[in-house]
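Q: Please take a close look at one aromatic residue in this structure and describe its surroundings in detail. Please then place that description within the chain as a whole.

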Amino acid sequence: MIGDVLVLTKPLGTQVAANAYQWLDLAEKWNRIKLVVSEDDVRKAYQRAMFSMARLNRTGKCRKNKMNILQTGFCDCSFI
């Protein structure tokens with residue numbers, strides 16, 4: 001609707017980092033990606049993604065409360 005605003009609260013690629021981190025413990029999946037990414041890179045990407053999501057979620061919540069915004073529609077919920 002006119003006047004609606006969409007706020008993205010996390011950068012694209014965050015879920016990819018979370019999935020790759022989970023795949024470290026799943027040999028079948030890890031074997032598929034280990035030729036293009038190192039374990040160290042996966043761990044660093046995961047850590048950056050988690051810090052980013054925590055910071056952005058905190059900031060978004062504060063702004064939502066300050067502006068008295070009603071949350072409607074869909075919410076992205078990531079389970080790590």
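A: The residue chosen is W30, which lies in helix α2. The model is a predicted one, and helix α2 (residues 27-33) has the highest mean pLDDT among the elements of the chain, at 96.

W30 has a relative accessibility of 14% and therefore counts as buried, the cut-off being under 20%. Leaving aside residues up to four places away in sequence, W30 touches W23, L24, V37, S38, E39 and V42. The C-alpha atom of W30 is separated by 7.6 Å from that of A20, a residue 10 positions away along the chain. Both W30 and A20 belong to the largest nonpolar core, which has five residues in all and also includes L24, I33 and V42. Two of these core members, L24 and V42, are also among the residues that W30 contacts.

V42 leads on to a second aromatic residue, since Y21 touches V42, R43 and Y46 when residues up to four places away are not counted. Y21 lies in helix α1. With a relative accessible area of 29%, Y21 is partly exposed, because this value falls between the limits of 20% and 50%. The C-alpha atoms of Y21 and D41 are 9.7 Å apart, with their positions 20 residues apart along the chain.

Helix α1 spans residues 14-23, and T14 has its place in this helix. At 5% relative accessibility, T14 counts as buried. Beyond four places in sequence, T14 touches A49 and M53.

Charged pairs form another part of the picture. E39, one of the contacts of W30, meets R43 in a salt bridge with an N to O distance of 2.8 Å. R43 is likewise one of the residues touched by Y21. E39 and R43 lie four residues apart in helix α3, about one turn of the helix. Both side chains belong to partly exposed residues: the relative accessible area is 40% for E39 and 37% for R43.

The structure holds three salt bridges. In one of them, K44 pairs with D40, and the closest N and O atoms are 3.1 Å apart. Because K44 and D40 are four residues apart in helix α3, about one helical turn separates them. K44 is partly exposed at 40%, and D40 is partly exposed at 43% relative accessibility. In helix α2, E28 forms a salt bridge with R32, with the closest N and O atoms 3.3 Å apart. This pair is also separated by about one helical turn, because E28 and R32 are four residues apart in the helix. Both E28 and R32 are exposed.

For the chain as a whole, the secondary structure comes to three helices and zero strands, in the order α-α-α along the sequence. Of its 80 residues, 15% count as buried. Among contacts with a separation of 6 or more, 58% join residues 24 or more positions apart. The chain exposes about 7,100 Å², and carbon and sulfur atoms supply 59% of that area.

Confidence varies along the model. The average pLDDT is 79, and 66% of the residues score at least 70. Helix α3 (residues 39-67) has the lowest mean among the elements, at 80. Over residues 76-80 pLDDT stays under 50, and the model has eight contacts beyond four places in sequence for this segment. Where pLDDT is low, predicted coordinates should not be read in detail.

Technical notes
Residues numbered from 1 in each chain as written. Heavy atoms only, no water. Helix = DSSP H or I, 4+ residues; strand = E, 2+ residues; numbered from the N terminus. Buried < 20%, exposed > 50% of the residue type's maximum accessible area, 1.4 Å probe, protein only. Contact = heavy atoms within 4.5 Å. Areas by Shrake-Rupley, 256 points an atom, 1.4 Å probe, with all protein chains shown as cover. pLDDT = per-residue confidence, 0-100. Core = buried A, V, L, I, M, F, W, Y, C linked by side-chain atoms within 4.5 Å. Salt bridge = Lys/Arg side-chain N within 4 Å of Asp/Glu carboxyl O.
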